[in-house]
Amino acid sequence: MTTTFQRYTEKWEEQLRELVKNLKKCRNQTATVEENNNRLLRVVEKVVTHLSEYYRVKSVATQHNVLSVTAVPRCTSIERSLHWINGWRPTNAGHIVYAEAIRLENKKDILHRLYTRANLGNLSPLQFRSIAFAHCEADRTQDRLSADLFSWQKDISKAMINMEEEVDFNEKLLERLVDIQQCADELRVKTVEDIVEALTPPQAVDFLLIATRLHLGLRVFGLMHDSSDE
C-alpha cells in the first residue's frame, strides 16, 4: 500500500505540473471579462479538485498504515525539515496572499500595476477580511492539532516504558495518530478552498500558481541538495 501511494504521489505531481501549465496558459489568453473568468474558474476548480483528490487517497493510505505515510520516505531532507504533521502548514496559504499583496503594493511603477491589475495586489477590504478569517481559523486549528500531536508523543513515550500496554500502543494510540493526520490534511484542503472562494478567478489563478510553484520548486531544490550531499 505504501509503495502504491508513493507511485500515486509521483503521478499526481506530474499531473499537477500539467495543470500549472494550463493555469499559465489561461492567464495569458485574451477574451471578454466574462469569458475569461469562466475559463479561469474551470481551471481553478480542476486544481482544487486535484488537491482534494490527493488528500482523499492519502487518507485511505493513512488508515491502512499511518506510520509509513507519516515517514514520507520520498520526501527530501529540506521538505521534511519544513513539514508540519507530514505536510505544509495551512497558515502558509494565508501568508502567500499577504506577502504577495504587500509586495505588489510596494511597487510604484504604473506599468507594473497595469500589468498586475488582476492579481493579488488588488484585494478589496471584504476579500482581506474573508482571507484573514480563514487564516485565523487555520491558525487556531493548527495550534490545537500541534497540541494533540504533542500529547500523542508523550503517551507514546509512556507506552514504550510500560510495555504491557502494547495492545493500547498498537490500536488506540495509532488510531489517534490517524485522526490527527487526517484532520491536518482536511485543514490544508479547507484553507485553500476558503481562500480561493474569497478571490476572483484571476486572483485565484495567481494564488495557485504561487502555491504550486513553491511546492514543486521546493521539491526540485531538495532533490538537488540531497544529491549534492551523496
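Here is a chat between a trainee and a mentor about this predicted model.

Trainee: Let's start with the fold. What makes up the secondary structure of the protein chain?

Mentor: The protein chain has nine helices and zero strands. Following the sequence, you read the pattern α-α-α-α-α-α-α-α-α.

Trainee: And how many of the residues are buried?

Mentor: Buried residues are 40% of the 230 in the protein chain. The accessible surface is about 13,600 Å², and carbon and sulfur atoms hold 56% of that.

Trainee: Which residues touch the most other members in the largest nonpolar core?

Mentor: Those are Val196, Leu199, Phe207 and Leu208, in a core of 38 residues. Two or more residues come from each of helix 1 (2–28), helix 2 (33–64), helix 5 (91–105), helix 8 (166–198) and helix 9 (201–228). Helix 2 gives the most, with ten residues.

Trainee: Take leucine 208, then. What does leucine 208 touch, not counting residues up to four places away in sequence?

Mentor: Leucine 208 touches Leu23, Val44, Val47, Val48, Val192 and Val196. There's also a second, separate core of 16 residues, and Ile85, Leu145, Trp152 and Ala159 are among them. As a general point, nonpolar side chains in soluble globular proteins tend to be buried together.

Trainee: Why does threonine 91 count as buried?

Mentor: Buried means under 20% relative accessible area. Threonine 91 has 6% relative accessibility, so it counts as buried. You'll find threonine 91 in helix 5. Leaving aside neighbours within four places in sequence, threonine 91 is in contact with His135, Ala138, Asp139 and Gln142.

Trainee: Now the opposite end of the scale. Why does glutamate 175 count as exposed?

Mentor: Exposed takes over 50%. Glutamate 175 comes in at 55% relative accessibility, so exposed is the right word. Glutamate 175 lies in helix 8, and its C-alpha atom is separated by 8.3 Å from that of glutamine 63, although the two are 112 residues apart along the chain.

Trainee: What about the cysteines? Is cysteine 183 buried, exposed or partly exposed, and why?

Mentor: Cysteine 183 has a relative accessible area of 22%, so it is partly exposed. That value sits between the 20% and 50% cut-offs. Cysteine 26, at 11%, is under the 20% cut-off and therefore buried.

Trainee: How many disulfides does the count come to?

Mentor: Zero. To be counted, a pair of cysteine sulfur atoms has to be within 2.5 Å.

Trainee: On to the rings. What makes phenylalanine 5 and tyrosine 54 a tilted aromatic pair?

Mentor: Ring centres must lie within 6.5 Å to pair, and planes neither under 30 degrees nor over 60 degrees apart count as tilted. Here the centres are 5.8 Å apart and the planes are at 35 degrees, so the pair is tilted. It links distant parts of the chain, with phenylalanine 5 in helix 1 and tyrosine 54 in helix 2, 49 residues apart. Both phenylalanine 5 and tyrosine 54 are buried.

Trainee: And why is the pair of tyrosine 54 and tyrosine 55 called edge-to-face?

Mentor: The planes are at 80 degrees and the centres 4.9 Å apart, so the pair is edge-to-face. The cut-off to pass is 60 degrees. Tyrosine 54 and tyrosine 55 are both buried.

Trainee: Which residues form one aromatic cluster?

Mentor: Phe5, Tyr8, Trp12, Tyr54 and Tyr55 do. The whole structure has five aromatic pairs.

Key:
Residues numbered from 1 in each chain as written. Predicted model: local features only at pLDDT ≥ 70, side-chain atom pairs only at ≥ 80, totals over all residues. Heavy atoms only, no water. Core = buried A, V, L, I, M, F, W, Y, C linked by side-chain atoms within 4.5 Å. Buried < 20%, exposed > 50% of the residue type's maximum accessible area, 1.4 Å probe, protein only. Helix = DSSP H or I, 4+ residues; strand = E, 2+ residues; numbered from the N terminus. Contact = heavy atoms within 4.5 Å. Phe/Tyr/Trp six-rings, centres within 6.5 Å; stacked < 30°, edge-to-face > 60°. Areas by Shrake-Rupley, 256 points an atom, 1.4 Å probe, with all protein chains shown as cover.
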